[in-house]
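Colleague: I would like to go through this model with you and ask why each label was chosen. Could you show it first?

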Amino acid sequence: MRARFAGKSIIVTGAASGIGRATAMAFAAEGGAVVCADLDEAVHATAAAIVADGGTARAITLDAGREADVVHMVELAGAAHGGIDVMYANAGISGGLTGLLEGTPEQWADILRVNLIGPFLAIKHAAPRIIERGGGAILCTASVAGLRSGAGCPPYSASKAGVINLVQTAAQQLAGSNVRVNAICPGLIETGMTARAYEHAREVGKEDRIGRLNPLRRGGEPEEIARVALFLASDEASYVNGQAIVVDGGLSSS
Ligand code: NAD
């Protein structure tokens, strides 16, 4: 087994389910000591599964869009694992499908707070600890929805476009401190978030369209994002910085 993250301290937000859970488990399987963070109490099950597999993990419940919670998360990782080497700001909400003109300021504020201010806070508070260790990597989950107009949920798309820009800025500002910052842009991945989208599509009779839209004729698995996250966080990606890496089975290439 490879152990690319032996001796490394890693934080993953949104680790109770989906992409975050798969990525936390993958980091731990390669030797990383992981702080699994999520709003959902189920994050304790992620940490317990890692420990049951012989890995190192702790869980913390928090609101990734609340600064005091993020400060606490970073302090916990520092105290438990001696610092931070990798920060993966992955927690996000989809916000449901709405037209632009039906949106409300409250809906926009909710989505931007979790999806954009959350990653900003993670970078703000984790970067100094990563710099103390001599450098490392920061990842954020954006989306292919951030690369084009927001047909399904305009504030969601805007939040993910914002994440891509945030990552570019952070990469510029932190490169001199040996911290690389990249975004992952998943296409449709089979998680709790898309289960809700499938449910909506079923209600409006368009369920079969989702799979057919993808050149590979299927949605992605969370582990297919986790493998890219581990690559980007590893020394193998030492010259990859400030990028939005699309992992969508070819969806956006048409
Ligand atoms: P998911 O719903 O399975 O996981 C998201 C996790 O984030 C949940 O465990 C949830 O409890 C947590 N979360 C939500 N708000 C939070 C908050 N305020 N503080 C802390 N945790 C919070 O969905 P997923 O697909 O694994 O989503 C992970 C990321 O991937 C999200 O940023 C999402 O926008 C992004 N993404 C997903 C897809 C997809 O098709 N599934 C596509 C593109 C991008």
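Colleague: Which residues of helix H2 are buried?

Modeller: Bear in mind that this is a predicted model. In helix H2, residues 43-52, the buried ones are Val43, Thr46, Ala47 and Ile50.

Colleague: What makes you say that the buried residues of H2 line one face of the helix?

Modeller: Look down the axis of H2: the buried residues fall within an arc of 95 degrees, so they line one face. Their cover includes helix H1 (18-29), strand S2 (33-38) and strand S3 (56-61).

Colleague: And what follows H2?

Modeller: Gly54 follows H2, and its phi is positive, near 95 degrees.

Colleague: Back to the neighbouring helix, then. Why are H1 and H2 called roughly parallel?

Modeller: The two helices pack at an angle of about 25 degrees, their axes 10 Å apart. Angles under 35 degrees count as roughly parallel, so H1 is roughly parallel to H2. Their crossing is right-handed.

Colleague: Which residues make the contact of H1 and H2?

Modeller: H1 brings Arg21, Ala24, Met25 and Ala28, while H2 brings Thr46, Ala49 and Ile50. By type, the residues of this contact divide into 5 nonpolar, 1 polar and 1 charged. Two of the names have come up before: Thr46 and Ile50 are among the buried residues of H2.

Colleague: Let us move along the chain. What makes H4 and H5 roughly parallel?

Modeller: The axes of helix H4 (residues 105-132) and helix H5 (residues 154-174) cross at roughly 15 degrees and come within 9 Å. With the cut-off for roughly parallel set at angles under 35 degrees, H4 and H5 therefore count as roughly parallel to each other. The crossing of H4 and H5 is right-handed.

Colleague: Which residues of H4 and H5 make that contact?

Modeller: From H4, they include Trp108, Ile111, Leu112, Leu116, Phe120 and Ile123. From H5, they include Pro155, Tyr156, Lys160, Val163, Leu166 and Leu174. The residues of the contact of H4 with H5 divide into 14 nonpolar, 4 polar and 1 charged.

Colleague: Now some single residues. What is phi of Asn178, and where is Asn178 found?

Modeller: Phi of Asn178 is near 65 degrees, a positive value in a residue other than glycine. Asn178 sits in the loop between H5 and strand S6 (179-186).

Colleague: Why does Asn178 count as partly exposed?

Modeller: Exposed takes 12 or fewer C-beta neighbours and buried takes 20 or more. Asn178 has 14 inside 10 Å, so Asn178 counts as partly exposed.

Colleague: How do you know whether Arg217 is buried or exposed?

Modeller: Arg217 has 9 other C-beta atoms within 10 Å; the limit for exposed is 12 or fewer, so Arg217 is exposed. Arg217 lies in the loop between helix H7 (207-212) and helix H8 (222-233), and its phi is near 60 degrees, again a positive value in a residue other than glycine.

Colleague: One last residue: what class does Thr56 of strand S3 fall into, and why?

Modeller: Thr56 has 17 C-beta neighbours inside 10 Å, so Thr56 counts as partly exposed; the cut-off for buried is 20 or more.

Colleague: With which residues is Thr56 in contact, leaving aside its neighbours within four places in sequence?

Modeller: Those contacts are with Ala28, Ala33 and Val34. As for Ala29, Thr56 is 27 residues from it in sequence, and their C-alpha atoms are 9.1 Å apart in space.

Technical notes. Residues are numbered from 1 along each chain as its sequence is written. This is a predicted model: local features need pLDDT of at least 70, side-chain atom pairs count only at pLDDT 80 or more; totals for chains, interfaces and linings use all residues. Helices (H or I, at least four residues) and strands (E, at least two) are DSSP runs, numbered from the N terminus. The arc is that of the directions from the helix axis to the C-beta atoms. Two residues are in contact if their C-beta atoms, placed from the backbone, lie within 7 Å. Axes are lines fitted to C-alpha atoms, for helices over the stretch in contact, and angles run from 0 to 180 degrees between N-to-C directions. Angles under 35 degrees count as roughly parallel, over 145 as roughly antiparallel, 65 to 115 as roughly perpendicular and the rest as oblique. A crossing is left-handed if the near helix is turned anticlockwise from the far one by less than a right angle, and right-handed if clockwise. Ala, Val, Leu, Ile, Met, Phe, Trp, Tyr, Cys and Pro count as nonpolar, Asp, Glu, Lys and Arg as charged, and the others, Gly among them, as polar.
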